[in-house]
Amino acid sequence: MGLNEEYLVIIKATVDEGTTVKKLKPRARGRKSWGSMGQKINPLGFRLGTIQGHHSLWFAQPKNYSKGLQEDQKIRECIKNYVQKNMRISSGVEGIARIEIQKRIDLIQIIIHMGFPKLLVEGKPRRIEELQMNVQKELNYVNRKLNITITRITKPYGHPNILAEFIAGQLRNRVSFRKAIKKAIELTEQADTKGIQVQIAGRIDGKEIARVEWIREGRVPLQTIRAKIDYCSYRVRTIYGVLGIKIWIFVDEE
């Protein structure tokens, strides 16, 4: 028996909506996005294994790796505190560019790269032995020998750590941040560097609203791996609060 189309009645009808597509609203113009791109990588970590190496050389099992890192941090803090207390001048510049640590089974070799070693050693030649005893006492070394050597840097203001300490001393003395940065750039130019970028963040000059100010001089190719760039992040306490100083120095290109 055939069906007559006139007697057909639709009782229920369903419609499949399909895949729901969410439309993203565009970001408002004029607002800067701080976390959208990968811009905050450490230049040293970005170049490890190519043209730059680690400041700590040692091997440890995975379960003892965190202890080794904490031990390195204690060694560096102990050395910096000792140098800061025993400097012959009160300029606020410790002059330590970097501290390299090499660990063996029965020996720990520490190499301190300083820009002004005479200010620490002159007049008291046994200070290195005294520093060595302080580190051994702090870390309770019994079965491991500790050896500390100091290496002088020919151009100290070509290293970002020393330069950051200089800027921090100027900011503590309430010097204008632009004047302090320009003076630091002049010192860097004497060290035959190819470029420098200095950034200061926080309540600059005591303003109520924190902001970020930066100045670049020369070339600073952060994305070029063969370019050797020294980087430093430094915190300074002022009467207005904590300021953050970041310095990138383009040393050479291989």
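A pocket, in the sense used here, is an open set of grid points with protein on both sides within 12 Å along at least five of seven lines, and its lining residues have an atom within 4 Å of a point. Keep that in mind as we look around this model, which is a predicted one.

Let's go straight to the largest pocket. Its space comes to about 1600 Å³, and 45 residues line it. Want to find its centre? Look for L44, H55, A97, R98 and N161, the lining residues that lie nearest to it.

Where does the lining come from? Helices α1 (43-46), α2 (65-86) and α5 (160-172) each give at least two residues, and so do strands β1, β2 and β7 (227-238). The largest share belongs to α2, with 9 residues. Sorted by class, the lining has 18 nonpolar, 15 polar and 12 charged residues.

Now over to the sheet. Here 4 strands form an open sheet, in the order β1-β2-β3-β4, with mixed pairing. Strands β1 (56-57) and β4 (145-152) sit at the edges with a single partner strand each, so one side of each has no neighbour in the sheet. Further in, β2 (residues 96-103) and β3 (residues 107-114) run antiparallel and are joined by 7 bridges. You've already met R98 close to the pocket's centre; in the sheet, its bridge partner in β3 is H113. Packing on the sheet is helix α4 (residues 127-139), which touches β3 and β4 and has a direction at about 135° to that of β4.

Key: Residues are numbered from 1 along each chain as its sequence is written. This is a predicted model: local features need pLDDT of at least 70, side-chain atom pairs count only at pLDDT 80 or more; totals for chains, interfaces and linings use all residues. Side-chain values use heavy atoms; hydrogens and water are left out. Two strands pair if DSSP finds at least two bridges between them. Contact means heavy atoms within 4.5 Å. Axes are lines fitted to C-alpha atoms, for helices over the stretch in contact, and angles run from 0 to 180 degrees between N-to-C directions. On a 1 Å grid over the protein atoms alone, a cavity is a set of points where a 1.4 Å probe fits but cannot get out, and a pocket is an open set with protein on both sides within 12 Å along at least five of seven lines; lining residues have an atom within 4 Å of a point. Grid points are joined across faces, edges and corners, and a volume is the space filled by probe spheres set on the points. Ala, Val, Leu, Ile, Met, Phe, Trp, Tyr, Cys and Pro count as nonpolar, Asp, Glu, Lys and Arg as charged, and the others, Gly among them, as polar.
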